Number of protein chains: 2
Amino acid sequence: MYNAEIISIGNELLIGKTVNTNATWIARKLTLLGFNVKRIVTVGDIIEDIVSALRESISREAKVIITTGGLGPTFDDKTSEALAVALRKPWVINFEALQMVKEKYYKMGLKLTPHRVKMAKMPEGSRPLPNSIGTAPGILIKEKECLIISLPGVPKEMKAIFKEHVEPVLKNIGPHLCFSEKTITVKGIPESSLAPVLDLVMKNVSKVYIKSHPRGAEGVKPVIELHITSSGKNMEEAKYYIEKASDILLKLIREKFQKFQIE
Amino acid sequence: MYNAEIISIGNELLIGKTVNTNATWIARKLTLLGFNVKRIVTVGDIIEDIVSALRESISREAKVIITTGGLGPTFDDKTSEALAVALRKPWVINFEALQMVKEKYYKMGLKLTPHRVKMAKMPEGSRPLPNSIGTAPGILIKEKECLIISLPGVPKEMKAIFKEHVEPVLKNIGPHLCFSEKTITVKGIPESSLAPVLDLVMKNVSKVYIKSHPRGAEGVKPVIELHITSSGKNMEEAKYYIEKASDILLKLIREKFQKFQIE
């Protein structure tokens with residue numbers, strides 16, 4: 001199992017100002033790359049909280065930890081410093097990163113200031129990841145068997161660095177598993193009546209996971225979205241398990257119930 | 001400080017299928033009730049993972065822990081059982097809860113089945129919270145100084161139970177603090193140039209927190225949303241700090257910069 005964890009950093013997430021769409025986007029990407037996202041943790045802009053979240057993820061032996069947020073120029077951008085503390089490494093100016101930051105501001109006709117230089121400070125031994133949209137570079141650093149990647153919180157910047165510099169690295173080290181999925185919507189059967197059917201299908205096809213999502217009202221107008229997922233060495237294998245489970249599921253529903261609709 | 005933590009449970013969140021809007025909604029509610037949301041943790045439908053998330057939150061001495069998801073009738077609804085394990089209490093049928101579940105299905109013309117009875121199983125000593133929208137009751141249980149509340153993952157059901165049964169309880173035990181906020185949008189000044197100004201404002205008014213959110217592009221067209229927040233014993237106090245900080249902020253911006261727009 002190639003476990004991955006996501007750490008989202010930012011008070012705006014904890015006060016309910018911002019919906020954490022970054023974590024969902026990264027979780028989806030990691031899942032499609034074959035990783036098993038084990039935990040997503042959100043903490044505020046407090047060094048000790050970021051440090052403990054990082055150390056906890058490392059101690060759970062995640063292969064990959066991706067953090068978002070806290071890489072900018074303001075007082076409460078503390079991720080890089082926290083990363084240095086968590087790894088017990090000096091927090092130093094990375095000259096490659098400094099060059100990146102310098103060039104960005106040079107193009108805007110602006111000089112380096114302490115707040116701008118801060119964006120080039122990283123734990124010793126980090127590899128800066130170029131930010132093609134904004135100014136703060138991402139950070140990539142290895143801690144024993146764990147790859148830690150810190151990305152900015154601005155979604156456009158996070159996604160650009162992920163696609164350009166993180167995805168190629170993860171494809172390389174990745175578990176080389178293919179993830180497949182299928183959604184079947186069942187109308188007219190309450191979730192609690194479908195539950196024993198799901199048990200049976202998963203007993204027959206242990207390689208799939210079926211999650212039911214109630215979309216209607218259990219009693220009056222039940223609408224259940226069944227999301228079937230599987231991973232395999234290749235796409236054919238993953239799809240094979242899903243089709244097998246899906247066939248058994250539909251057969252059982254037809255046998256056990258009379259009034260329903262399937263979409 | 002009245003710390004609160006949120007634990008979101010569900011594989012759909014970890015595979016990036018579902019955006020965790022529940023956590024944002026609850027975080028906002030808790031913040032407005034004066035609680036300090038310290039951490040949001042998402043784990044999958046695995047007993048050990050739910051148990052460790054619960055025990056970690058308890059060990060961090062959260063006053064309130066709110067969990068969502070995993071209360072339904074299917075095989076992977078494991079929150080209630082995990083809660084019993086985490087608290088080292090027997091997982092038993094709660095007869096008040098059983099009555100609630102029974103009545104729901106009775107109205108639909110359906111009998112109790114093992115999967116339906118499961119929704120009435122709770123750690124010994126729990127108080128079931130009526131679910132006016134769906135079938136699975138919420139769970140409220142106290143562990144030493146910590147109040148643990150488990151709510152369903154279906155947003156409509158979660159919100160109904162929160163408003164009808166959780167909010168009144170939290171208002172009662174709550175920190176009786178008022179939260180206030182104000183947003184100022186500054187166009188034309190890069191975030192890194194505003195950073196030293198924010199440092200100054202927060203040095204002058206230590207009771208506020210100012211978070212800058214870049215919405216444009218740092219170089220070409222900077223748009224910075226400044227979100228000023230504060231808590232006080234009453235709304236007047238909270239608003240006073242915010243207006244004080246806001247005045248100093250605007251004064252400093254006018255002194256230091258020439259071209260900008262404020263909205």
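This note sets out how chain A and chain B meet in the structure above, and then describes one sheet of chain B.

1. Basis of the model. This is a predicted model, in which local features need pLDDT of at least 70 and side-chain atom pairs count only at pLDDT 80 or more, while totals for chains, interfaces and linings use all residues. Residues are numbered from 1 along each chain as its sequence is written, chains are lettered from A and ligands numbered from 1 in the order in which they are written, and side-chain values use heavy atoms, with hydrogens and water left out.

2. Extent of the interface. Contact (heavy atoms within 4.5 Å) links 65 residues of chain B with 65 residues of chain A. The two chains bury about 5,100 Å² between them, 55% of it on carbon and sulfur atoms; buried area is the accessible area (1.4 Å probe) that two parts lose on being put together, summed over both. Within chain B, the residues that lose the most area to chain A are B:I15, B:R39 and B:F75, together 12% of what that side buries.

3. Symmetry. A turn of 180 degrees with a shift of 0.0 Å along the axis lays chain B on chain A with an RMSD of 0.0 Å, the superposition being by least squares on the C-alpha atoms of residues with pLDDT of at least 70 in both copies. This is the relation of a two-fold axis. In chain B, the C-alpha nearest the axis belongs to B:V41, 2.3 Å from it. Of the interface residues of chain B, 98% are also interface residues in chain A, so the copies meet through the same surface.

4. Strands across the interface. Strand β2 (residues 36-43) of chain A and β2(B) run antiparallel and are joined by 5 bridges. Strands here are DSSP runs (E, at least two residues), as are helices (H or I, at least four), numbered from the N terminus; two strands pair if DSSP finds at least two bridges between them. A:V41 stands opposite B:V41 in β2(B).

5. Polar and charged links. Across the interface there are 12 salt bridges, each a side-chain nitrogen of Lys or Arg within 4 Å of a carboxyl oxygen of Asp or Glu. One joins the side chains of B:R39 and A:E56 (3.0 Å, N to O). Another links A:E12 with B:K211, whose closest N and O atoms are 3.1 Å apart; that pair crosses from helix α1 (residues 11-14) of chain A to strand β10 of chain B. Over all chains the count comes to 28 salt bridges.

6. A sheet within chain B. An open sheet of 4 strands in chain B has the order β10-β11-β9-β12, with antiparallel pairing. Strands β10 and β12 (261-262) stand at its edges, each with a single partner strand, so one side of each is left without a neighbour in the sheet. Strand β9 (residues 178-187) is joined to β12(B) by 2 bridges, and the bridge partner of B:K187 in β12(B) is B:Q261.
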